[in-house]
Amino acid sequence: MTTMFEYKTTCAVCSTGKRFRAISSTNSMGSPDLDTRPPPMQRSTIWAWVQRCDSCGYCASNLDHAPDEARDVIHGPAYRQQLNNPDYPELANSFLCKYLIEFESGLYAHATWSLVHASWACDDAGSSEQASECRRKAAKMLRLAEKKDQKVTGHDHKWAEIPLLVDLLRRADEIQEARKAIPGEIEEIKGDIIYSILKFQHDLLEKKDTTCHTIGDAVSMYPLGKAG
């Protein structure tokens with residue numbers, strides 16, 4: 001069950017007050033998708049993961065905080081065009097605007113997730129081409145975050161980012177790039193969940209399957225603690 005509450009906050013950019021609904025608690029039943037999207041009911045709370053100021057258009061996880069770069073970014077042409085881009089669902093536009101601010105602020109790991117979340121919003125709206133474009137951008141941003149020593153997944157495993165990268169590329173129909181992203185040494189980590197996921201991804205890529213699958217699907221095919 002998901003429970004909500006209302007609260008008032010003030011935009012850190014223009015000082016406009018606004019009331020929002022927020023999630024006080026939720027639950028999830030089932031396996032996350034390969035790109036980590038949670039199962040229901042948490043899955044359906046995505047609308048609460050980004051806030052938009054009706055006055056100035058600032059988009060953020062919480063409007064009462066803003067990086068120094070935010071004010072200049074939101075007045076720029078790229079941001080204004082994205083804010084109400086008719087080619088994207090409204091929720092995706094909010095996540096994409098959030099990404100633009102994070103990118104200009106050097107928050108590349110955060111920017112990666114904003115792009116991933118935008119792709120999920122596009123999925124929900126049936127905007128498949130836009131979802132693929134968001135995933136392509138997310139893959140590029142993930143690689144940039146790695147170069148800047150920013151952990152996207154927050155894990156220390158040397159291949160922690162690769163399962164997400166591969167799924168982003170596969171779902172965007174970048175089959176060859178996804179294949180290249182899978183390390184040749186994955187047999188070294190049999191029994192690790194990353195091994196299960198990457199072996200399963202390899203199978204999907206061989207079939208040119210670009211559809212959504214879950215981590216549970218991967219572990220069912222390549223159980224932990226067993227050889228693939």
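Mentor: A nonpolar core is a set of buried Ala, Val, Leu, Ile, Met, Phe, Trp, Tyr and Cys residues joined through side-chain atoms within 4.5 Å. The model discussed here is a predicted one.

Trainee: Which residues touch the most other members of the largest nonpolar core?

Mentor: The largest nonpolar core holds 58 residues. Helix α4, residues 108-125, gives this core its largest share, nine residues. The members that touch the most others are Y58, Y79 and V166.

Trainee: How many residues are in the other core that lies apart from it?

Mentor: Among its members are I197, L204, I215 and A218. I197 and L204 are also listed with the buried residues of α8. The size of this other core is seven residues.

Trainee: How many of the residues of α8 are buried?

Mentor: The helix runs over residues 193-206, and it is mostly covered. Its buried residues include I194, Y195, F200 and L205. The cover over them includes α6 (162-171), α7 (175-181) and α9. The count of buried residues is 10 of 14.

Trainee: What distance separates the end C-alpha atoms of α8?

Mentor: The helix has 14 residues, and at 1.5 Å a residue it should span 20 Å. The expected span uses one less than the number of residues. The computed distance agrees with it, at 20 Å.

Trainee: Is S196 buried or exposed?

Mentor: S196 is found in helix α8. Beyond four places in sequence, S196 touches A218, V219, Y222, P223 and L224. Buried means under 20% relative accessible area. With a relative accessibility of 0%, S196 is therefore buried.

Trainee: Which residue has a side-chain oxygen that reaches the backbone nitrogen of I194?

Mentor: This contact is at the start of α8. The oxygen comes to within 2.8 Å of the nitrogen. The residue that supplies the oxygen is D192.

Trainee: Which residue with a positive phi follows α8?

Mentor: The residue is in the loop between α8 and α9 (215-221). Its relative accessible area is 59%, so it counts as exposed. It is not a glycine, yet its phi is about 55°. The residue is K208.

Trainee: What is the phi of S15?

Mentor: S15 is in the loop between β1 (3-10) and β2. S15 is exposed, with a relative accessible area of 58%. Its phi is positive, in a residue other than glycine, and is near 70°.

Trainee: Why is α3 said to be largely enclosed by the rest of the structure?

Mentor: α3 covers residues 90-104 and reaches 22 Å from its first C-alpha to its last, close to the 21 Å expected. Elements covering its buried residues include β3, β4, α1, α2 (77-83), α4 and α5 (128-147). Among the buried residues are F95, C97, Y99 and E102. α3 is called largely enclosed because its buried residues number 11 of 15.

Trainee: Which residue with a positive phi follows α3?

Mentor: The phi in question is near 75°. The residue is G106.

Trainee: How many disulfides does the count give?

Mentor: A disulfide needs two cysteine sulfur atoms within 2.5 Å. The cysteine sulfur nearest to that of C11 belongs to C56, 3.7 Å away, and C11 is in no disulfide. C11 counts as buried, at 2% relative accessibility. The count of disulfides is zero.

Trainee: Why is the sulfur of C134 not bonded to the closest cysteine sulfur?

Mentor: The closest cysteine sulfur is in C122. C134 itself is buried, at 1% relative accessibility. The sulfurs are too far apart for a bond because the distance is 4.3 Å.

Trainee: Which residues does H65 touch, not counting those up to four places away in sequence?

Mentor: H65 has its place in the loop between β4 (59-60) and α1 (70-74). H65 is exposed, with a relative accessible area of 56%. Its C-alpha is 9.1 Å from that of T10, which is 55 residues away along the chain. The residues touched by H65 are A12, Y58 and A60.

Trainee: Which residues are joined by a cis peptide bond?

Mentor: Omega of this bond is about 5°. M41, one of the pair, is in the loop between β2 (17-25) and β3 (51-52). The joined residues are P40 and M41.

Terms used: Residues are numbered from 1 along each chain as its sequence is written. This is a predicted model: local features need pLDDT of at least 70, side-chain atom pairs count only at pLDDT 80 or more; totals for chains, interfaces and linings use all residues. Side-chain values use heavy atoms; hydrogens and water are left out. Helices (H or I, at least four residues) and strands (E, at least two) are DSSP runs, numbered from the N terminus. Buried means under 20% relative accessible area, exposed over 50%, partly exposed in between (1.4 Å probe, protein chains only). Contact means heavy atoms within 4.5 Å. A polar contact is a pair of N or O atoms within 3.5 Å; within protein, one must be able to donate a hydrogen and the other to accept it, and residues adjacent in sequence count only if both atoms are side-chain atoms.
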